[in-house]
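Open the model in a viewer and follow the stops below in order. Each stop gives a selection and then what is found there.

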Amino acid sequence: MMPAEARAARNRFLATLLCVVVAGAIFPSVANRGLVFIAGLLWINVVFGLAFNLLFATGGILSFGQAMFYAVGAYAASVLSLRLPELPFLWALLVSGLAGAGLAVVAGTVALRRSEGVYFAVLTLAFGELLHIVITKSTLLGRNDGLNGIRRPVIDIGMLHLDFSAGDAFYYFILVVCAFLVGVLWMVTHGAFGRALLAIRQEAQRAEFLGMPVQRYRLIAFAISGAITAVAGALAAPWLQIVTPDLARWSNSTNPILFTLLGGSGFFWGPAAGAAILSVVFYTTRTLAGIADLATGGMLLVVVLSLPGGVLGLLNAVRQRATRRHSGTEAADG
Amino acid sequence: MAEILLEALGIYKGYGRIPVLKNVSLTIERGESHVVIGPNGAGKSTLFKVLTGELYPSAGGVFFEGKDVTRTPAWQRAQRGFGRTFQVARVFQHMSARENMLIAVETAERSRGAWIPPWRLAPTSALEARVAELLEDVGLADRAATVASELAYGDRKRLELGMTLALQPSLLLLDEPTAGMSQSERKASVDLIARVTRRHGISLLLTEHDMGVVFGLATRLTVLHYGEVIASGEPDAVREDARVREVYLGHE
């Protein structure tokens, strides 16, 4: 009985992912280049938000330092692209991911000593700010000016020669890699490891007395989130073609939190929905300086105060009410 | 003399400057059902926490199967054969009874060195069968799909006991296993504990208030009073001990 249920859940996820990818693939043929640029960032932000929510919703860990992973990935890819242009880009992505995981292990080992909510959040925030300072003091990393002129890569895999340097071509690469990362996050969330994390979140001491190395599992979750976020950052570098120390700032760490609160942390796709909504807000208000922040703040207030389940929570409630009314009428008819 | 499974030697523990345990020593032999009793504030729960690894003693040692585990973290003790339940049952509230049991079974498998792919969505049929068997064992087969927070309190306690049994422990440590239960639930609970410990050859340490439970299960009784052991031995002998009668049983 259970495997069928699990298969159904997996198929539902794959169907959703496929719809998103198809929509994303069609998008450049109906939209202008400015919109395609924003869409590319959206896919990166979707991964950024989902990687945060793996920690938040599944692991019960509030990280306020996700920007450090994003920045580490972006800077690692940039430095490799500028200093070692002959290194294949897929290797650069891999190195970025490992850098993110390594940083997460270092920061997590220290911060998880005080894993109780706010202490952990503040310690991750401190690590992020520390990284920001290190970047602004490193000549290799371009100090306050950042690094620019990062080229979009050309990828050779065996017979396959893919040139992403021209036009929107790199957009498709972003789309494919992000879809893959979303798949990885879904498996981590819904597999045996995600189950264990959920158990720890609900009753850590019980999990520990069942023989679970609770702190180690939390650290692994942090490392996975760090690695995936860093790969997302590494994709952003050639897309933006410039990286600046601001990527490591706390303001960037608030982005995945915003996506998650807005979309609904209780849903796997919640942060993705939140990222999409904010992309639309930024695009429609792009000519009016300051309006985007105002709109974001206003929406966040509304969601936190009146829609604790986020936008997807609201949609879910509406759908449930509709089905109930539907079955209610049927019962009345019968 | 039977083999000693767990031994606590000269345990001291205090909170701040208030001493709670003073030179407490105790042994659990294999196959024994050892019950620790004592008035409120005697230090039963603290002793229990020191034995399970929730707290480390300020002095003294805890030895399991002859090895020093005084400062071994709780999760490692669980992997070595400690099974522990809490005074107020702790289960994963938002998961069904089946999912709760699955977590315990998967964790036990990992402790035994089995590799469970982290991305595996549904457990193998062998694990699924084990989950069903354990639920059956503690009489929760028909509650498998019920979310733990909606289970009756007695059922939640039995679920927790079943999850602990999934670890196939050699020593079961139960902190007031019948606290908060009605008289009939208590009886059923004692029967269940006696049945599973006998069937799987599990040794037992429990703290308890209810004298019916104590004398129904104990093969050895230790009385704690103000952080000190004042008597330990066969239940009937302890019952006749003058000091014990004075401080504890006399009030019942």
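Select chain A, which in this predicted model has 13 helices and four strands. Its C-alpha trace spans about 70 × 55 × 45 Å along the principal axes. The radius of gyration of chain A is 21 Å, which agrees with the value near 20 Å that a compact globule of 334 residues would have. Of those 334 residues, 46% are buried. Take the contacts in chain A between residues at least 6 apart in sequence: 76% of them join residues at least 24 apart.

**Stop 1: the hairpin in chain A**

Select residues 154-163 of chain A to show β2 (154-157) and β3 (160-163), which pair in the antiparallel sense over four bridges. Within this pair, Ile155(A) stands opposite Leu162(A). Two residues lie between the strands of the hairpin, and Gly158(A) takes a positive phi near 55° there.

**Stop 2: Pro271(A)**

Next select Pro271(A), in helix α11 (residues 270-284) of chain A. Is Pro271(A) buried or exposed? With 35 other C-beta atoms within 10 Å, Pro271(A) is buried, since 20 such atoms are enough for a residue to count as buried. Now add Ala51(A): the two residues are 220 apart along the chain, while their C-alpha atoms are separated by 9.1 Å. Leaving aside neighbours within four places in sequence, the contacts of Pro271(A) include Gly49(A), Leu50(A), Phe52(A) and Asn53(A). Pro256(A), Phe259(A), Thr260(A) and Gly263(A) are also in contact with Pro271(A).

**Stop 3: the largest nonpolar core**

For the core, select Val47(A), Ala71(A), Ala74(A), Ala232(A), Ala234(A) and Met101(B), the residues with the most contacts inside the largest nonpolar core, which has 170 residues. Helix α9 (residues 214-240) of chain A gives the largest share of this core, 16 residues. In soluble globular proteins, nonpolar side chains tend to be buried together. Centre the view on Val47(A): apart from neighbours within four places in sequence, Val47(A) is in contact with Cys178(A), Leu181(A), Val182(A), Ile228(A) and Ala232(A).

**Stop 4: where chain B touches chain A**

Show both chains. How many residues of chain B are in contact with chain A? There are 26 residues of chain B in contact with 24 residues of chain A. On the chain B side, α2 and α3 are the elements that give two or more residues. The largest share of that side, six residues, comes from α3(B). By type, the chain B residues that touch chain A divide into 16 nonpolar, five polar and five charged.

**Stop 5: helix α3 of chain B**

Select residues 97-111 of chain B. This is helix α3, which has 15 residues and reaches 21 Å from its first C-alpha to its last, close to the 21 Å expected at 1.5 Å a residue. Why is α3(B) described as largely enclosed by the rest of the structure? The reason is that 12 of its 15 residues are buried. Among the buried residues of α3(B) are Arg98(B), Asn100(B), Met101(B), Glu106(B) and Ser111(B). Met101(B) has already appeared, among the core residues with the most contacts. To see what covers the buried residues of α3(B), display elements including α7 (192-202) of chain A and α2 (74-80), α4 (125-137) and α5 (153-165) of chain B. After α3(B) comes Gly113(B), with a positive phi near 95°.

**Stop 6: the sheet in chain B**

Select the strands of the open sheet of chain B, whose order is β2-β1-β4-β5 with antiparallel pairing. The edge strands are β2 (18-29) and β5, each of which pairs on one side only. Between β1 (residues 4-15) and β4(B) the antiparallel pairing runs over five bridges, and Glu7(B) stands opposite Phe63(B) in β4(B).

**Stop 7: two glutamates with positive phi**

Finish in chain B with Glu65(B), in the loop between β4 (59-64) and β5 (67-68). The phi of Glu65(B) is near 50°, positive in a residue other than glycine. Glu65(B) counts as partly exposed, with 15 C-beta neighbours inside 10 Å. Then select Glu176(B), in the loop between β7 (171-175) and α6 (183-200) of chain B. Glu176(B) is not a glycine either, and has a positive phi of about 45°. With 20 C-beta neighbours inside 10 Å, Glu176(B) counts as buried.

Definitions and conventions: Residues are numbered from 1 along each chain as its sequence is written. Chains are lettered from A and ligands numbered from 1 in the order in which they are written. This is a predicted model: local features need pLDDT of at least 70, side-chain atom pairs count only at pLDDT 80 or more; totals for chains, interfaces and linings use all residues. The expected span of a helix is 1.5 Å times one less than its number of residues. Two residues are in contact if their C-beta atoms, placed from the backbone, lie within 7 Å. Ala, Val, Leu, Ile, Met, Phe, Trp, Tyr, Cys and Pro count as nonpolar, Asp, Glu, Lys and Arg as charged, and the others, Gly among them, as polar. The radius of gyration is taken over C-alpha atoms; the globule rule is 2.2 Å times the number of residues to the power 0.38. A nonpolar core is a set of buried Ala, Val, Leu, Ile, Met, Phe, Trp, Tyr and Cys residues joined through C-beta atoms within 7 Å. Two strands pair if DSSP finds at least two bridges between them.
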